[in-house]
Amino acid sequence: MEKKTPMLEVLRRIIQEVNGARNLEAALATMVRRIRKAMRTDVCSFYLFDPEIDRLVLMETIGLRSQAVGRVSLEVGEGLVGLVAKREEPLNLENAQSHPQFLYFEATGEERYSSFLGVPIIHQRRMLGVLVVQQSDKRRFDEEDEAFLVTMAAQLAGVLAHALATGGLNRPSMPGGQARFIGVAASPGMAIGEAVVTAAPADLNSVPDLIPTDVEYEIARLREAIGRVQNEIRAAGERLASRISAQELALFDVYQQMLGEAALSQEVEKRIREGQWAPGALADVVRRHVQYLERVDDNYLRERAADVRDLGRRVLAHLQEASPQTPAVYPDSTILVGDEISVAMLGEVPREKLAGLVSVRGSSTSHVAILARAMGIPTVLGMVDLPLPRLGGNRVVLDGHRGRLFVRPTPELESHYQSLIDEERALMEVLEHEQDLPSRTPDGHDMPLMVNTGLAVDTVASLKSRIGGVGLYRTEVPFMITERFPGEQEQTRLYRDQLESFDPLPVVMRTLDIGGDKDLPYFPIEEANPFLGWRGIRVTLDHPEVLMVQLRAMLRASQGLDNLQVLLPMVTNVEEVDDALRLLDRAILELGEEGVPVNRPPVGVMLEVPATLYQLDALACRVDFFSVGSNDLTQYLLAVDRNNPRVADLYDACHPAVLSAMTRLAEDTRRLDMPTSVCGEMAGDPAGALLLMGMGFDALSMNAPSLPRVRAAIRRVSLDGARELVTETLRLDSPAEVRRHLAERLRGWDLGHLLPPSD
Ligand code: PEP
Ligand code: MG
């Protein structure tokens with residue numbers, strides 16, 4: 001190892017270079033050179049595993065003959081490199097030729113090298129390739145060498161996986177062919193259509209990188225946008241001239257100068273010529289300036305950072321007006337793709353043209369996912385490796401059941417999906433016929449079905465005859481669409497709409513459940529562990545002014561209807577319930593004094609923090625009903641972030657521990673004679689719903705699009721059958737076994753068509 005520079009520093013520099021490079025192929029070339037130098041060896045090579053041809057291909061080398069690059073390849077298990085890949089562990093040999101697995105490739109000229117150190121590159125359990133150093137003298141690479149290369153490979157793995165997924169590095173066998181991306185399944189269903197890449201309006205941080213098709217056009221529209229902002233600033237300066245000081249007015253000149261040809265615009269043009277479209281180039285340049293200004297030790301200059309950001313936003317707004325990224329006419333089957341998709345963006349595409357949603361960020365419970373499910377739009381979020389710059393205009397297949405996106409699908413794949421889509425549509429038509437029939441089992445047990453809402457009511461009001469009420473109205477959803485906390489009157493109107501639409505059916509309104517991943521744009525909560533932090537009732541009790549307004553609005557809205565029920569989210573301690581009830585009573589009293597007499601509505605607690613499962617008696621004497629939030633209960637019981645794509649495979653409401661906790665819970669609430677429903681996603685899954693019925697819950701609340709499948713399952717399985725299903729699954733040890741068993745039993749009941757399509 002180089003003695004002067006510490007290992008960590010060398011590592012950091014190499015990774016920085018690899019990360020910063022536009023082109024990963026060039027970065028790999030630099031990387032092998034740097035590693036060779038740092039380790040003072042003769043050879044450093046990188047072999048990429050190509051699953052299409054099931055071989056390791058020499059992709060980059062310094063020391064071996066360069067003609068061998070792309071030509072020499074080995075099977076996994078073949079030669080020393082293949083052995084490293086197969087065993088997935090480092091191999092350190094002083095005399096490589098004497099190893100029984102040694103294989104000589106004439107093209108490489110590697111016969112001269114005797115020592116060999118190879119380490120596998122592994123990302124999320126997948127072997128991506130092998131990194132090798134070789135030396136002609138008999139050198140035993142020491143522990144520090146091995147540690148260095150292993151660390152290098154571990155760091156490289158993420159970068160490499162990203163580059164492979166995003167097309168930054170082509171696998172030898174598939175340039176420009178079908179590509180598959182995996183994310184978190186957020187709303188079921190499948191769609192075939194055209195990818196339309198979208199960015200949030202005038203948000204410099206969410207502008208995607210795009211390669212311009214016409215550089216001159218990009219420069220022309222940049223100049224036009226800057227010209228418009230200059231005019232705006234001039235006009236604003238003139239309007240204010242008589243009202244502000246000369247010093248303040250001088251700022252407007254500074255703005256004009258910043259926008260002038262010498263500063264921003266020239267730099268942005270240069271960036272466009274380097275291969276960025278105008279919004280991306282603008283965002284890059286503004287970000288660089290802002291970062292620089294924020295770091296300098298001068299108050300005046302630091303303040304200018306905000307100005308530069310603001311000017312950047314203004315120019316961006318004009319660019320986006322004319323942006324080809326928000327087409328005036330959306331394709332018939334638009335698959336909307338973005339870094340992050342906001343509710344507003346969702347509203348821009350006409351519903352009949354919106355076939356699917358995909359985003360890099362977000363998760364199955366982010367608010368877009370909740371809306372998408374309510375609207376029945378297939379959605380996959382958390383697709384971290386998505387190549388946004390290259391996606392627009394491509395044909396794609398979206399699989400919202402399994403969380404997949406296929407770009408440029410092969411004809412075979414497309415027709416396979418087309419037939420799955422046709423089958424699903426045919427099934428929904430068949431199921432539609434029984435939607436007005438009761439959700440009653442063949443042995444006469446009625447299982448009330450309710451809906452989860454949050455959006456405008458029109459989508460669900462038509463369901464009134466088919467449901468027992470609204471089991472969960474997520475009040476945070478309308479709060480997310482506004483630009484500030486809606487006032488009491490505004491909330492009263494919103495809630496009145498809900499209550500009237502479903503009257504006389506009960507509507508369970510949950511008090512604001514923000515925090516976790518549900519942020520309000522005007523009330524950001526920054527925390528290291530948001531799901532374990534300031535969330536739900538913890539926030540609203542700290543802000544009684546917000547909770548009081550909400551409770552008053554709910555009560556006001558219920559006047560004369562009396563179908564309101566109030567639900568408290570994220571309860572952990574009984575004091576929280578006591579405090580909330582005190583506020584509720586105060587709201588009732590206040591309204592009475594104001595001449596608005598209202599009845600006290602039934603109040604419920606969400607059982608979603610595991611602690612509540614052990615305090616049921618204490619909670620039961622305080623409230624009128626329970627509602628189980630199986631989404632959060634699963635997350636907290638399993639210690640798996642429900643939004644983290646890396647652990648999405650571990651998040652499963654059918655984990656035996658969750659099922660066993662839920663069974664106990666159902667028994668306990670029965671003993672306490674507390675009406676208890678389930679409103680998490682589990683209730684909307686046919687197999688999950690059967691289990692919950694078998695456990696003995698009183699009602700199931702789900703997204704409206706889940707109703708047909710769940711009703712179909714309930715109408716075909718007896719209560720005894722469902723109870724047996726619970727007993728059988730409780731004997732199983734792993735989520736996979738449970739899923740397998742549920743699928744088998746559903747097929748046995750001739751309900752295989754209700755299962756999500758499998759591979
Ligand atoms: C739940 O946690 O199961 C639930 C229904 O609430 P939310 O998904 O809004 O957290
Ligand atoms: Mg919850």
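A helix in these exercises is a DSSP run of H or I with at least four residues, and helices are numbered from the N terminus. Keep in mind that this is a predicted model.

**Exercise 1. A residue between two helices**

Find where Ala639 sits, and decide whether Ala639 is buried or exposed.

Solution.
- Step 1: Locate the residue. Ala639 belongs to the loop between helix 21 and helix 22 (656-671).
- Step 2: Look at the backbone. Phi of Ala639 is positive, about 55°, although the residue is not a glycine.
- Step 3: Apply the cut-off. Exposed means over 50% relative accessible area. Ala639 has 72% relative accessibility, so it counts as exposed.

Now try the steps again on Asp750. This residue lies in the segment after helix 26 (735-748). Its phi is near 65°, again a positive value in a residue other than glycine. With a relative accessible area of 62%, Asp750 is exposed.

**Exercise 2. The surroundings of ligand 1**

Work out which residues come nearest to ligand 1 and which elements give two or more residues to its shell.

Solution.
- Step 1: Start with the neighbours. There are 15 residues around ligand 1, and Arg474, Arg510, Gly629, Asn631 and Arg642 come nearest.
- Step 2: Sort the shell by character. It holds eight charged, four polar and three nonpolar residues.
- Step 3: Check the side-chain contacts. Oxygen of ligand 1 lies 3.0 Å from an N or O atom in the side chain of Glu608. For the side chain of Arg535, the distance from a ligand oxygen to an N or O atom is 3.5 Å. The side chain of Asp632 also has an N or O atom 3.0 Å from an oxygen of the ligand.
- Step 4: Ask how much is covered. On its own, ligand 1 has 290 Å² of accessible area, and the protein covers 100% of that area.
- Step 5: Name the elements. Strand 16 (470-474) and helix 21 (630-638) each give two or more residues to the shell. Helix 21 supplies the largest share, three residues.

**Exercise 3. Two sides of a helix**

Test whether the length of helix 13 (residues 411-432) agrees with the expected span, and say where its buried residues lie.

Solution.
- Step 1: Compare lengths. With 1.5 Å a residue, 22 residues should span 32 Å, and the end C-alpha atoms are 31 Å apart, which agrees.
- Step 2: Recall the geometry. An α-helix has 3.6 residues a turn, so residues three or four places apart point the same way.
- Step 3: List the buried residues. In helix 13 they are Leu413, Glu414, Tyr417, Leu420, Ile421, Glu424, Leu427 and Leu431.
- Step 4: Look down the axis. The buried residues of helix 13 fall within an arc of 145°, so they line one face of the helix.
- Step 5: Turn to the opposite face. The face turned away from the buried side carries the exposed residues Pro411, Glu412, Glu423, Glu429 and Val430.

**Exercise 4. An enclosed helix**

Decide how far helix 18 (residues 544-558) is enclosed by the rest of the structure.

Solution.
- Step 1: Check the span. The 15 residues of helix 18 should span 21 Å, and the end C-alpha atoms are 21 Å apart, which agrees.
- Step 2: Count what is hidden. In helix 18, 11 of the 15 residues are buried, so the helix is largely enclosed by the rest of the structure. Among them are Val546, Leu547, Met548 and Arg552.
- Step 3: Look past the end. Just after helix 18, Gly560 has a positive phi of about 80°.

Notes: Residues numbered from 1 in each chain as written. Chains lettered and ligands numbered in written order. Predicted model: local features only at pLDDT ≥ 70, side-chain atom pairs only at ≥ 80, totals over all residues. Heavy atoms only, no water. Near = heavy atom within 4 Å. Polar contact = N/O pair within 3.5 Å; in protein donor to acceptor, adjacent residues only side chain to side chain. Areas by Shrake-Rupley, 256 points an atom, 1.4 Å probe, with all protein chains shown as cover. Nonpolar A, V, L, I, M, F, W, Y, C, P; charged D, E, K, R; others polar. Expected span 1.5 Å × (residues − 1). Buried < 20%, exposed > 50% of the residue type's maximum accessible area, 1.4 Å probe, protein only. Arc of directions from axis to C-beta.
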